[in-house]
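The following paragraphs lead the reader through one protein structure, from the pairing of its strands to individual residues. Please keep the sequence and the three-dimensional view at hand while reading.

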Amino acid sequence: SRGIDLELDWGLRFADTQLLSSVPGAITVNIVANYLDRYAVSPFQGAPYINYTGTVFNNSYRDHVLSTFGYSVGPVSAGFRWSHLPGAGSDPSTPGTQGPANAYNEVDFFGSYALTDALTLRFGIDNLMNAWPVWVGANGSTTAIGQTNSNYDTVGRRFYVGVKAKL
């Protein structure tokens, strides 16, 4: 396989700037991106390689982007996390037996409030937009609807609240 992994971490405290010094708090951005240039496998020694790049086989998506955007002011912080998987072609080693997968986007919301130095309340909503999992391996010539896999949220929107205590 061959590809590129990139990560960007950036933050800004508004008080550190002249232009935005009157704005309270800080923002953060984290972006992790993967690009798969080539993923090819030979089914057995001497056989030609099959190019699985950008297909549902072995999670060989062409790219994957995970982005987190946050804002904090004093004891309060909040943010969004966005995960994107592109559409993927069908498995080329079994032509005509399964269809491609659609693109998938999931957004999470999270936040926290430091009640004291020793006690923090955290909360969030996973899969905020209630994105449905993508069906992988559907077959148009039969009644097989395919299946989903661990790349997609199969539970749906869910809420959580937690407390972190330093003893």
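**Strands and their partners**

Phe-109 has Ile-125 in β8 as its bridge partner. This pairing, like everything described below, belongs to a predicted model. The neighbouring pair follows the antiparallel course of the two strands: Phe-110 is bridged to Gly-124 of β8. Strand β7 covers residues 104-114 and strand β8 covers residues 119-126, and six bridges hold them in an antiparallel pairing. The link from β7 to β8 is a hairpin of four residues. In a regular strand, side chains point alternately to one face of the sheet and to the other.

Each of these two strands also has a further partner. On one side, β7 pairs with β6 in the antiparallel sense, over ten bridges. Within that pairing, Ala-78 is matched with Gly-111 of β7. On the other side, β8 is joined to β9 by eight bridges, and these strands too run antiparallel. Here Ile-125 stands opposite Phe-159 in β9. Ile-125 is thus a useful residue to locate in the view, since it is the bridge partner of Phe-109 and also faces Phe-159.

**The protein as a whole**

Which kinds of regular element does the protein contain, and how many of each? There are nine strands and zero helices. Accordingly, the pattern read along the sequence is β-β-β-β-β-β-β-β-β.

The overall dimensions come next. The C-alpha trace spans about 65 × 35 × 35 Å along its principal axes. The radius of gyration is 21 Å, whereas a compact globule of 167 residues would have a value near 15 Å. Of the 167 residues, 28% are buried. The exposed surface amounts to about 10700 Å², and 59% of it is supplied by carbon and sulfur atoms. Contacts between residues at least 6 apart in sequence can also be sorted by separation: 54% of them join residues at least 24 apart.

**The nonpolar core and its surroundings**

The largest nonpolar core consists of ten residues, namely Val-56, Tyr-61, Leu-85, Ala-88, Ala-101, Tyr-104, Ala-131, Val-134, Val-136 and Tyr-152. Tyr-61 offers a convenient entry point. Leaving out residues up to four places away in sequence, Tyr-61 touches a set of residues that includes Leu-85, Ala-88 and Tyr-152, which are themselves listed in the core. Tyr-61 also touches residues including Leu-36, Gly-54, Thr-55, Pro-86, Asn-149 and Asn-151.

Another core member, Tyr-104, leads to Ser-83, with which it is in contact. Ser-83 lies in strand β6, which comprises residues 76-85. Besides Tyr-104, the contacts of Ser-83 beyond four places in sequence are His-64, Val-65, Leu-66, Asn-105 and Glu-106. With His-64 there is also a polar contact, in which the two side chains are joined at 3.3 Å.

**Loops and individual positions**

Two asparagines deserve attention for their backbone geometry. Most residues other than glycine have a negative phi. Asn-58, although not a glycine, has a positive phi of about 55°, and its place is in the loop between β4 and β5. Asn-127 likewise has a positive phi of about 55° without being a glycine, and it lies in the loop between β8 and β9.

Is Asn-127 buried or exposed? Asn-127 counts as buried because its relative accessible area is 1%, and the limit for a buried residue is under 20%. Gln-45, in the loop between β3 and β4, provides a contrast. Gln-45 counts as exposed because its relative accessible area is 81%, and the limit in this case is over 50%. The C-alpha atom of Gln-45 is separated by 24 Å from that of Ser-90, a residue 45 places away along the chain.

Ser-72, in strand β5, falls into the class between these two. With a relative accessible area of 30%, Ser-72 is partly exposed. Not counting residues up to four places away in sequence, Ser-72 touches Gly-25, Ala-26 and Ser-77. From Leu-6, by comparison, Ser-72 is separated by 66 residues in sequence and by 25 Å between C-alpha atoms.

Conventions: Residues are numbered from 1 along each chain as its sequence is written. This is a predicted model: local features need pLDDT of at least 70, side-chain atom pairs count only at pLDDT 80 or more; totals for chains, interfaces and linings use all residues. Side-chain values use heavy atoms; hydrogens and water are left out. A polar contact is a pair of N or O atoms within 3.5 Å; within protein, one must be able to donate a hydrogen and the other to accept it, and residues adjacent in sequence count only if both atoms are side-chain atoms. Contact means heavy atoms within 4.5 Å. A nonpolar core is a set of buried Ala, Val, Leu, Ile, Met, Phe, Trp, Tyr and Cys residues joined through side-chain atoms within 4.5 Å. Buried means under 20% relative accessible area, exposed over 50%, partly exposed in between (1.4 Å probe, protein chains only). Two strands pair if DSSP finds at least two bridges between them. The radius of gyration is taken over C-alpha atoms; the globule rule is 2.2 Å times the number of residues to the power 0.38. Accessible areas come from the Shrake-Rupley method with a 1.4 Å probe; for residues, only the protein chains shown count as cover.
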